[in-house]
Amino acid sequence: MPKLQQVTILGATGTIGVNTLDVISQHPNRFAVFALTANQNVDTLFDQCQKFSPLYAVMLEEKAADQLSQKLKQSGSATEVLCGMAALEFVSAHEKVDAVMAAIVGAAGLKPAIAAANAGKRILLANKETLVMAGSIFMQAVKQGGATLLPIDSEHNAIFQVMPQDKGSNLADGGVKKILLTASGGPFRQASAEELKRVSLKQALNHPNWVMGPKITIDSATLMNKGLEVIEARWLFNASPDQIEVVVHPQSVIHSMVEYVDGSVLAQLGNPDMRTPIAYALGYPERLQSGVSSLDLFKIARLDFEAPDTKKFPCLRLAFNALNAGGNAAAIMNAANEVAVEAFIKEKISFTDIPVLIESVLENSSIKPVTDLEMLVSSDLEARDSANAWMAKAI
Ligand code: NAD
Ligand code: MG
């Protein structure tokens, strides 16, 4: 019987957090929950604490933490409630923790993920924004801290599964020619450029294949999600931009592929259910039950592929440009995108304003080489100010 693994789940109340707890609950002799964290959703975190009895529960907001603390005390729970960013870092780096599920959304997930890396944890990385914002620094922290990094994003988890495990320091050493990163194309794959101008929030939140949090769902509709994933793949697999090709595959059955120099293309397939990559990373190198049903190929019947349309979906082009520009460009793009998506969700800007805003922020920023984490945090904040200034003018 393997040792009981202590797991911290950052962003426990989100889609990935809930799916992670679902997989963990299927393996009570294998995993124990050390800490659960959330932004401000007291009721969900309270229910999760009742079910999983973590040692710690962390809320970003103080008021929410006070409420949770009271509710837990009244229920006789022994879970200790903490609050703030330092507490998120504390439960990520604690010596008793074996694995950290990094599933906070956005740049807010960066510091706790770095804390887990520095402390040499097994990091299950869902928070792609960490790699987009600070890929070089995070990968260095993983190396220096002796951490094990396992991708949760379904595409990167698929690539990891079909990559040679002893590939050396670059893809060519492992005989890999390129990565074929699949994309569903989102809900507006077949919409005309005119129709895109008028899409509603409700339409954009209706992803054809995946159930996800609101930010990543909008990113999937603009194809920025694929752009973020291109940058994520660059860092995870030490790939150059021309070794990453985006392939639109509307059924989301193939989660990504790797092409080798001999012409072989290896793919990972499965139902679109995040419990597969989560179980893979929790159990690695063993395979665990995830609760995901078998793939019914007869029902799927066919798999389609097409090239992405970067004219209709400029976000994908902006992400490739930011990757090629290097330095703090991706951090700036990421921050501008977070502001734009939030504004779209609050119905302050239109769907097609999103790439216009991001491009404007990038054009008005100075792209500099990355020196340290603080510099990237400043670039992120400056880009947010610039994005807000754009909106003040535009609205
Ligand atoms: P979500 O919105 O459903 O959940 C986000 C979680 O983060 C919540 O628990 C929330 O309380 C917490 N959070 C939000 N803002 C915070 C802040 N400022 N500080 C601390 N905690 C905060 O999001 P999700 O869909 O679960 O996605 C989480 C991450 O995983 C994202 O980076 C996303 O891109 C990535 N991801 C998600 C999926 C998916 O299927 N949902 C797939 C691949 C990658
Ligand atoms: Mg993905």
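**Figure 1. Salt bridges in the predicted model, with D98 and K3 in close-up.** Across the whole structure, a search finds 21 salt bridges; keep in mind that this is a predicted model. In this view, the side chains of D98 and K3 meet, with 3.1 Å from N to O. D98 belongs to the loop between helix 4 (85-93) and strand 5 (99-102), while K3 sits in the segment before strand 1 (5-10), so the pair ties together parts that are 95 residues apart in sequence. How accessible are the two partners? D98 counts as partly exposed, at 21% relative accessibility, and K3 counts as exposed, at 56%.

**Figure 2. A salt bridge between E342 and K346.** Here the side chains of E342 and K346 come together at 2.9 Å, N to O. E342 counts as partly exposed because its relative accessibility is 45%.

**Figure 3. A salt bridge within helix 17, between D380 and R384.** The side chains of D380 and R384 meet at 2.7 Å, N to O. Both residues lie in helix 17 (residues 373-394), and being 4 residues apart they are separated by about one helical turn. Is D380 buried or exposed? With a relative accessible area of 6%, D380 is buried.

**Figure 4. Helix 17 and its buried side.** Take a step back to see the helix as a whole. Helix 17 has 22 residues and spans 31 Å from its first C-alpha to its last, close to the 32 Å expected at 1.5 Å a residue. Its buried residues are L373, M375, L376, S379, D380, A383, A387, W390 and M391. These cover an arc of only 150° around the axis, which puts them on the same side of helix 17. What covers them? The cover includes helix 5 (110-118), helix 6 (128-145), helix 15 (329-345) and helix 16 (353-363). On the face turned away from the buried side, you will find the exposed residues E374, E382, D385, A392 and K393.

**Figure 5. The magnesium ion (ligand 2) and its donors.** Which residues coordinate the ion? D153 (OD), E155 (OE) and E229 (OE) do, at 2.1 to 2.2 Å. Along the chain, these donors follow the spacing D-x1-E-x73-E. D153 and E229 link distant parts of the chain, 76 residues apart: D153 is in the loop between strand 7 (148-151) and helix 7 (154-162), and E229 is in helix 11 (residues 224-236). D153 is buried, with a relative accessible area of 7%, and E229 is buried too, at 1%. D153, E155 and E229 also take part in a network of salt bridges with K128 and K226.

**Figure 6. Aromatic pairs around F351.** The structure holds 7 aromatic pairs. One of them joins F188 and F351 edge-to-face, at 5.2 Å centre to centre and 75° between the planes. This pair links parts of the chain 163 residues apart: F188 is in the loop between strand 8 (176-183) and helix 8 (193-197), and F351 is in the loop between helix 15 and helix 16. F344 also pairs edge-to-face with F351, at 5.7 Å centre to centre and 65° between the planes. F188 and F351 are both buried, and so is F344.

**Figure 7. A cluster of rings.** In this last view, ring pairs link F34, Y56 and F90 into a cluster.

Notes
Residues numbered from 1 in each chain as written. Chains lettered and ligands numbered in written order. Predicted model: local features only at pLDDT ≥ 70, side-chain atom pairs only at ≥ 80, totals over all residues. Heavy atoms only, no water. Salt bridge = Lys/Arg side-chain N within 4 Å of Asp/Glu carboxyl O. Helix = DSSP H or I, 4+ residues; strand = E, 2+ residues; numbered from the N terminus. Buried < 20%, exposed > 50% of the residue type's maximum accessible area, 1.4 Å probe, protein only. Donors = N, O, S within 2.8 Å, 3.2 Å for Na, K, Ca; no water. Expected span 1.5 Å × (residues − 1). Arc of directions from axis to C-beta. Contact = heavy atoms within 4.5 Å. Phe/Tyr/Trp six-rings, centres within 6.5 Å; stacked < 30°, edge-to-face > 60°.
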